[in-house]
Structures are given as structure tokens and as C-alpha cells.
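Student: I have the picture open and would like to work through it slowly. Please start with a single residue, and we can build up from there.
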Amino acid sequence: MSNKIIIINGPNLNLLGEREQSQYGSCSFKDLKDICAKKSKELGLNLEFTQSNIEGELVNLIQVSRKNFDGIIINAAAFTHTSIAIRDALSIFKKPIIELHISNIYKREEFRHKSLISDVATGGIFGLGIDGYILAIISMQKLLKNEN
Ligand code: DQA
């Protein structure tokens, strides 16, 4: 059964709850991790929850995920708008990918309107706060179930 998923978080998301609460809310990164673990367990998914501030580390994580995971949920944070390397790594991953943003990137500064990863993702969620993580886990479970 395909049930191994990874949530990959990009730069500054480790400071959730502390950074720009008007955009990202007050839930801490640790609490978000716990919420995601609980939801995944409930749905029978085996979750790995990761974060890095370093572009190359994110690329390595995505590459390794090819062998170890059935689906990727990614909030690439600021690298969404700049990283061809992350986009290229994702396009080598031939399984479901969900792009996620806590804030509505299209309501914010113009430089956030462009995502380099949307067209290599299966689908995306933005602007729904940290609930987006729960919704992404639910959607990923459905995508993996339909594959079997
Ligand atoms: C973000 C949106 C990005 O533009 C920003 O750089 C982030 C977080 C979001 O979750 O809303 O760090 O990906």
C-alpha cells in the first residue's frame, strides 16, 4: 500500500507562530507538526515532517523522496518564487505532489504571484492558513488510494 508521505517546509517556516502572524497565524511549527502527525495517523498515512532553510538540502530531500515516499506535500516558502533547482527536482518525482501556501500568495506582493512549482505539482492549496496542511493530507490520502 502507498502510504508514506513527506511534508517538506522551506525557509523561515520553522518560525511559524513568531513570524508575521497576520499572514501565517499563531500556531507554532511544533504544534503544526503535531497536528499533521495526528491527521496522518488518523488516515493511515506514515508521515515524515521536515523543514530546511537551505535550498540544496530541500533538493536533496526531494531526490531522496523518490525512493522513500509515495507523495510529497511541499511549502517551498520563498523558494517557490525563485528556485529552478527545486522545480527540477520535483519534476523528477513521478508521484503525487501538492503545493501548499499558508497565505494567499496572489493577494500579496507581486513577486509572490509567480510560482515556479505549480505546473509540476498535481495540485495546490493556498490562503487557507494552517488548515491547508490538513486539507493537503486528506487530498494526498485520496490521491494515493486512487492509485492502488
Ligand atoms: C508562503 C508564502 C511565501 O511567499 C513566503 O515566502 C513564505 C510562506 C506561505 O506559506 O504562505 O515563506 O509559502
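Student: OK, what is the relative accessible area of E109?

Tutor: E109 has a relative accessible area of 36%, which makes it partly exposed. The scale calls a residue buried under 20% relative accessible area, exposed over 50%, and partly exposed in between, using a 1.4 Å probe and protein chains only. Before we go on, please keep in mind that this is a predicted model, where local features need pLDDT of at least 70 and side-chain atom pairs count only at pLDDT 80 or more, while totals for chains, interfaces and linings use all residues. Residues are numbered from 1 along each chain as its sequence is written, and side-chain values use heavy atoms, with hydrogens and water left out.

Student: Which side chain does E109 meet in a salt bridge at 3.9 Å?

Tutor: That partner is R108, with the 3.9 Å taken from N to O. A salt bridge here is a side-chain nitrogen of Lys or Arg within 4 Å of a carboxyl oxygen of Asp or Glu.

Student: And R108, buried or exposed?

Tutor: R108 counts as buried, at 12% relative accessibility. The pair also belongs to something wider, since salt bridges that share partners join R19, E20, R108, E109 and R112 into one network.

Student: How many salt bridges does the structure hold?

Tutor: The structure holds seven salt bridges. Two that are useful to look at next involve residues of helix α2, which covers residues 29-42. In one of them D34 pairs with K30, the closest N and O atoms being 2.7 Å apart, and in the other the side chains of K39 and E42 meet at 2.9 Å, N to O.

Student: Why are D34 and K30 separated by about one helical turn?

Tutor: Because D34 and K30 are four residues apart in helix α2, about one helical turn separates them. K39 and E42 are also about one helical turn apart, being three residues from each other in helix α2.

Student: What about exposure, say for K30 and D34?

Tutor: K30 counts as exposed at 53% relative accessibility, while D34 is partly exposed at 38%. In the other bridge, K39 is buried with a relative accessible area of 17%, whereas E42 counts as exposed at 53%.

Student: Changing topic, how many helices and strands are there?

Tutor: The chain has five helices and five strands, where helices (H or I, at least four residues) and strands (E, at least two) are DSSP runs numbered from the N terminus. Reading along the sequence, you will meet them in the pattern β-α-α-β-α-β-α-β-β-α. The radius of gyration of the chain is 14 Å, close to the 15 Å from the globule rule for 148 residues, so the chain is as compact as a globular protein of that length. That radius is taken over C-alpha atoms, and the globule rule is 2.2 Å times the number of residues to the power 0.38.

Student: What share of the residues is buried?

Tutor: Buried residues make up 47% of the 148 residues in the chain. As for contacts (heavy atoms within 4.5 Å), among those between residues at least 6 apart in sequence, 77% join residues at least 24 apart.

Student: Now the loops: which loop holds N12?

Tutor: N12 is found in the loop between β1 (4-9) and α1 (21-24). Although N12 is not a glycine, it has a positive phi of about 75°, and N12 is partly exposed at 37% relative accessible area.

Student: Where does A77 lie, and what is its phi?

Tutor: A77 lies in the loop between β3 (71-75) and α4 (84-92), and it has a positive phi of about 50° although it is not a glycine. A77 counts as buried, at 12% relative accessibility.

Student: One last residue, V64: how far is it from I6 in space?

Tutor: V64 and I6 are 11 Å apart, C-alpha to C-alpha, and 58 residues apart in sequence. You can find V64 in helix α3, residues 55-68, where V64 counts as partly exposed at 46% relative accessibility.
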